[in-house]
Amino acid sequence: MGRLEGKVAVITGSGRGIGRATAELFAREGAAVVVNDLDPEPAEEAAQAIKDAGGEVMVSTDNTVNFEEAERMLSAAANQFGKVDIVINNAGITRDKTFHNMDDDVWDFVLDVNLKTAFHTTRAAMPYLREAAKSEMKADGKPAYHRKVAFTSSTAGILGNAGQANYTAAKGALISLTKTLARELGPFHINVNAVAPGFIETRLTAAKQEGQDIGVPEASRQMALLLIALGYHGKPEDVAKAHLFLASEDADYISGVILPVSGAMLGA
Ligand SMILES: NC(=O)c1ccc[n+]([C@@H]2O[C@H](COP(=O)([O-])OP(=O)(O)OC[C@H]3O[C@@H](n4cnc5c(N)ncnc54)[C@H](O)[C@@H]3O)[C@@H](O)[C@H]2O)c1
């Protein structure tokens with residue numbers, strides 16, 4: 001039996017990278033999964049891979065920067081699968097700039113994608129997580145099981161990173177949000193945790209070409225290796241496994257925790 005048998009999970013930003021690896025792993029562990037990504041093509045590809053492996057999946061291309069789209073995604077998930085048990089707030093983006101060059105557009109865009117999507121998606125999930133637990137408490141004195149919320153923060157949100165004032169402000173805020181929501185939702189047996197990936201091989205950390213919006217200069221990719229005790233960059237699956245642990249019953253008594261997945265990155 002899978003570790004998420006019978007559970008329903010909504011995962012934002014799961015057409016690529018860490019989100020996709022998490023969606024595929026959750027489906028293999030028995031969860032019905034909502035693959036949410038702004039980009040329809042990778043979202044469909046991820047969903048097809050899950051179907052091909054025998055999993056249950058639906059696609060959402062909602063942009064949860066808008067609350068109405070978050071509500072639409074959650075209600076579509078509940079209509080399709082009957083409930084929602086797990087929310088993984090993973091959508092993220094970078095637009096690196098030195099601070100003195102950072103204008104409002106670049107600031108707002110990165111805060112919106114990394115932080116507001118998480119706020120909206122989690123708030124839109126409250127009827128399915130908090131209200132469901134509340135009615136179980138009324139009927140039986142306690143929630144029937146633990147429901148889970150998790151965020152993909154970053155070691156950059158713990159350590160800071162030159163050129164990422166916008167991104168680190170958002171990822172740091174996710175850490176505070178994790179701790180606050182863990183307190184607020186604990187009585188409903190909703191566990192709230194975050195993973196903090198270090199340097200994981202995805203398009204966000206691929207060698208940056210001239211004129212590209214995302215990516216990391218090759219020199220920084222190499223420098224990161226010097227800071228990682230294990231001596232190599234992580235893979236999306238490394239982070240997916242941490243999300244799986246936190247979403248599983250094995251972590252039912254763990255809440256308000258920030259779990260670095262960084263190969264012992266110096267300082268994180
Ligand atoms: N790669 C790393 O080293 C690393 C390190 C720390 C944290 N993270 C975080 O991990 C998460 C996943 O990043 P990744 O490295 O897999 O990047 P990725 O670019 O491979 O995947 C992110 C996905 O999010 C999607 N997305 C962007 N905006 C969205 C929105 N508004 N709604 C829904 N989907 C949206 C993108 O289309 C993309 O498919 C992000 O939150 C990122 O900040 C990554």
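**View 1. Residue L129, a buried position in this predicted model**. L129 counts as buried because 25 C-beta neighbours lie inside 10 Å, and a residue is called buried from 20 such atoms upward. You will find L129 in helix α5, which covers residues 126-140. Setting aside neighbours within four places in sequence, L129 is in contact with V84, R147 and I190. For a sense of distance, look also for S154: its C-alpha atom is separated by 25 Å from that of L129, and the two residues are 25 places apart along the chain.

**View 2. The residues around the ligand.** Here we turn to the ligand and its surroundings. There are 32 residues around the ligand, and G13, R16, G17, G92 and T202 come nearest. Sorted by class, this shell has 12 nonpolar, 16 polar and 4 charged residues. Helices α1 and α4 (104-124) each supply at least two residues of the shell.

**View 3. Helix α1 meeting helix α9.** Helix α1 spans residues 17-28 and helix α9 spans residues 236-247; their axes come within 8 Å and cross at roughly 55°. The two helices are therefore oblique to each other. The crossing in which α1 passes α9 is right-handed. On the α1 side, the contact is made by G17, I18, R20, A21, T22, L25 and F26, while α9 brings P236, E237, V239, A240, K241, H243 and L244. By class, 8 nonpolar, 3 polar and 3 charged residues take part in this contact. You may recognise G17 from the previous view, where G17 is among the residues that come nearest to the ligand.

**View 4. Helix α4 alongside helix α7.** Helix α7 runs over residues 165-185, and its axis comes within 8 Å of that of α4, with a crossing of roughly 20°. At this angle, α4 and α7 are therefore roughly parallel to each other. As α4 passes α7, the crossing is right-handed. To trace the contact, follow V106, W107, V110, L111, N114, L115 and A118 in α4, then N166, Y167, A169, A170, K171, A173, L174 and L177 in α7. The contact of α4 with α7 has 12 nonpolar, 2 polar and 1 charged residues.

**View 5. Helix α3 crossing helix α4.** Helix α4 appears again here, now with helix α3 (residues 67-81): the axes come within 8 Å and cross at roughly 45°. This makes α3 and α4 oblique to each other, and their crossing is right-handed. From α3, the residues F67, A70, E71 and L74 meet H120, T121 and A124 of α4. By class, the contact of α3 with α4 divides into 4 nonpolar, 2 polar and 1 charged residues.

**View 6. Two residues with a positive phi, H189 and A264**. Most residues other than glycine have a negative phi. H189 is not a glycine, yet its phi is positive, at about 55°. To locate H189, look in the loop between α7 and β6 (190-197). H189 counts as partly exposed because 19 C-beta neighbours lie inside 10 Å. A264 is not a glycine either, and its phi is positive at about 60°. A264 sits in the segment after β7 (258-261). With 13 other C-beta atoms within 10 Å, A264 is partly exposed.

Methods: Residues are numbered from 1 along each chain as its sequence is written. This is a predicted model: local features need pLDDT of at least 70, side-chain atom pairs count only at pLDDT 80 or more; totals for chains, interfaces and linings use all residues. Axes are lines fitted to C-alpha atoms, for helices over the stretch in contact, and angles run from 0 to 180 degrees between N-to-C directions. Helices (H or I, at least four residues) and strands (E, at least two) are DSSP runs, numbered from the N terminus. Angles under 35 degrees count as roughly parallel, over 145 as roughly antiparallel, 65 to 115 as roughly perpendicular and the rest as oblique. A crossing is left-handed if the near helix is turned anticlockwise from the far one by less than a right angle, and right-handed if clockwise. Two residues are in contact if their C-beta atoms, placed from the backbone, lie within 7 Å. Ala, Val, Leu, Ile, Met, Phe, Trp, Tyr, Cys and Pro count as nonpolar, Asp, Glu, Lys and Arg as charged, and the others, Gly among them, as polar. A residue is near a molecule or strand if its C-beta atom, placed from the backbone, lies within 6 Å of it. A residue is buried if 20 or more other C-beta atoms lie within 10 Å of its own, exposed if 12 or fewer, and partly exposed in between; C-beta atoms are placed from the backbone.
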